[in-house]
There are 2 protein chains.
Amino acid sequence: MHPLRFTAHTSSNGVTERDFTLGEISGVLWSPDDGSAPSSLVLMSHGGGQHKRFPPQVARASHLVTMSRCAVVAIDAPGHGDRERTAEDVSARDDLRRADEAGESIAPIVERYATSVARRAVPEWRRVIDALQELPEIGDETPVGYGGGITLGTGIGIALAAAEPRIRAAIFGGGFIVNELLLETARTITVPVLFLLQWHEELVDRQSALALFDAFGSTEKTMHANPGGHREVPAFELDDSARFLARHLTPDRP
Amino acid sequence: MHPLRFTAHTSSNGVTERDFTLGEISGVLWSPDDGSAPSSLVLMSHGGGQHKRFPPQVARASHLVTMSRCAVVAIDAPGHGDRERTAEDVSARDDLRRADEAGESIAPIVERYATSVARRAVPEWRRVIDALQELPEIGDETPVGYGGGITLGTGIGIALAAAEPRIRAAIFGGGFIVNELLLETARTITVPVLFLLQWHEELVDRQSALALFDAFGSTEKTMHANPGGHREVPAFELDDSARFLARHLTPDRP
């Protein structure tokens with residue numbers, strides 16, 4: 001097994017940010033800069049075509065660390081960011097560009113490719129959790145949650161939360177194309193879910209997003225719907241997300 | 001004009017509760033028991049067939065006063081609680097009982113009667129706001145919000161928020177039958193709205209509730225959907241409601 005290697009380290013505004021590699025996986029870990037044990041470990045996945053340091057994701061991570069004193073980890077999805085591209089990654093990007101230039105719908109290509117990327121991401125995330133639990137300040141007692149992501153980040157999160165019993169609560173967003181496989185996977189998820197639906201989501205029709213919310217097998221699930229497209233989640237949802245995670249991951253903390 | 005008369009006064013757990021009458025209107029006002037000026041004034045309306053002291057409403061009022069140091073006021077809806085019944089109130093109740101005993105749908109009767117009650121409640125609420133603003137501890141600078149209610153309480157709130165510019169933010173719930181009149185009224189509401197949808201609402205089909213959320217003319221509107229029927233709003237929504245009101249009514253307070 002490849003060990004986790006920290007490759008860069010910076011601190012600002014109370015948050016330490018460490019780049020790491022784990023074999024071919026490239027990631028970043030944010031945590032409180034006083035070195036205290038984090039309250040929880042929150043996993044985040046960027047959207048399709050983005051990377052681990054997508055600015056809104058960095059802002060969400062800093063907010064979570066500051067508000068909840070948790071650690072937040074993001075990795076580049078397979079074929080994204082600093083990762084090598086496979087033949088599938090290259091041809092999917094070519095197909096997307098061609099469809100876009102021809103004015104055709106990109107939905108079938110996005111659906112096929114994102115489903116594949118989400119499937120490939122699951123074992124990688126499990127290795128990352130294993131490796132982070134080897135760090136003395138995290139260990140295997142720190143509760144783990146999925147802190148969300150939109151589009152591809154939701155597809156990865158749903159596949160991961162269904163496969164990984166260490167995830168105790170999960171935040172999903174819209175923008176991932178809903179098909180029968182995704183609904184079947186969602187039905188097997190039973191941990192508390194916060195589902196952020198943007199009411200004017202561009203890629204996914206509203207009824208199929210509502211069907212996804214309906215499908216989650218969780219006793220506790222809440223949907224927060226707000227006007228706007230999938231990049232326009234209002235800032236106050238950051239606070240609600242932090243409180244949702246804290247309520248389920250660290251219920252005994254004030 | 002009839003003056004507002006306080007008719008009873010008790011305190012417990014930091015909350016003072018005062019019954020009042022204003023002409024034929026019967027109400028109750030909850031406020032911090034140290035006599036300090038409340039941060040805001042929050043209006044609440046009970047559901048159909050209930051009354052101003054419906055236990056879940058009392059619990060919500062106490063929670064809000066304790067959490068936000070606001071004043072909360074509830075009144076008996078026309079034909080409910082301590083109020084006199086008109087011929088319309090009596091015949092609607094008879095019709096409801098007959099339909100229920102015959103196993104027929106009560107929806108058409110509820111729709112007609114609740115629409116009428118909501119219309120009658122609007123001028124009463126406006127008189128109550130006028131009278132409370134005469135109290136020295138409230139005055140006309142204290143921001144006013146509609147703190148919600150389900151079924152009938154939502155119908156009253158939508159009619160009131162559309163008519164009363166003093167209401168700066170409003171919480172509505174499900175369970176009020178959605179017709180074209182309600183949608184038209186909702187379209188004229190532009191203040192921030194929190195809409196609590198119970199995903200398994202008994203009386204109102206989900207699509208019509210979603211259409212109501214869609215109709216609100218507000219730039220900022222958020223829907224929180226949770227599993228269960230209209231009496232099963234989860235306890236954590238109490239906190240979210242208090243924060244929603246505080247964010248809009250008293251943004252400068254910590």
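**How chain A and chain B meet**

The area buried between chain B and chain A is about 1,700 Å², with carbon and sulfur atoms giving 57% of this area. The model is predicted: local features need pLDDT of at least 70, side-chain atom pairs count only at pLDDT 80 or more, and totals for chains, interfaces and linings use all residues. Residues are numbered from 1 along each chain as its sequence is written, chains are lettered from A in the order in which they are written, and side-chain values use heavy atoms, without hydrogens and water.

Reader: What makes an area count as buried between chain B and chain A?

Author: Buried area is the accessible area (1.4 Å probe) that two parts lose on being put together, summed over both. The value of about 1,700 Å² is therefore a sum over chain A and chain B.

Reader: How many residues does the contact take from each chain?

Author: Contact means heavy atoms within 4.5 Å. The contact takes 20 residues from chain A and 20 residues from chain B.

Reader: Why is the pair Asp214(A) and Arg206(B) called a salt bridge?

Author: The term requires a side-chain nitrogen of Lys or Arg within 4 Å of a carboxyl oxygen of Asp or Glu. The closest N and O atoms of Asp214(A) and Arg206(B) are 3.6 Å apart, so the pair meets the rule. Across the interface of the two chains, the rule finds two salt bridges.

Reader: Which elements of chain B supply at least two residues each to the side that touches chain A?

Author: They are helix H6 (206–215), strand S9 (221–226) and helix H7 (236–249). Helices (H or I, at least four residues) and strands (E, at least two) are DSSP runs, numbered from the N terminus. S9(B) gives the most to this side, with six residues.

Reader: How do you know that S9 of chain A and S9(B) pair?

Author: Two strands pair if DSSP finds at least two bridges between them. Strand S9 (residues 221–226) of chain A and S9(B) have three bridges, in the antiparallel sense, and therefore qualify. Within S9(B), His224(B) is the bridge partner of His224(A).

Reader: What rotation superposes chain B on chain A?

Author: Copies are superposed by least squares on the C-alpha atoms of residues with pLDDT of at least 70 in both. A rotation of 180 degrees with 0.0 Å of shift along its axis superposes chain B on chain A (RMSD 0.0 Å). The two copies are thus related as by a two-fold rotation axis. Of the residues of chain B, His224(B) comes closest to the rotation axis, at 2.4 Å (C-alpha).

Reader: How do you know through which surface the copies meet?

Author: Of the interface residues of chain B, 100% are also interface residues in chain A, so the copies meet through the same surface.
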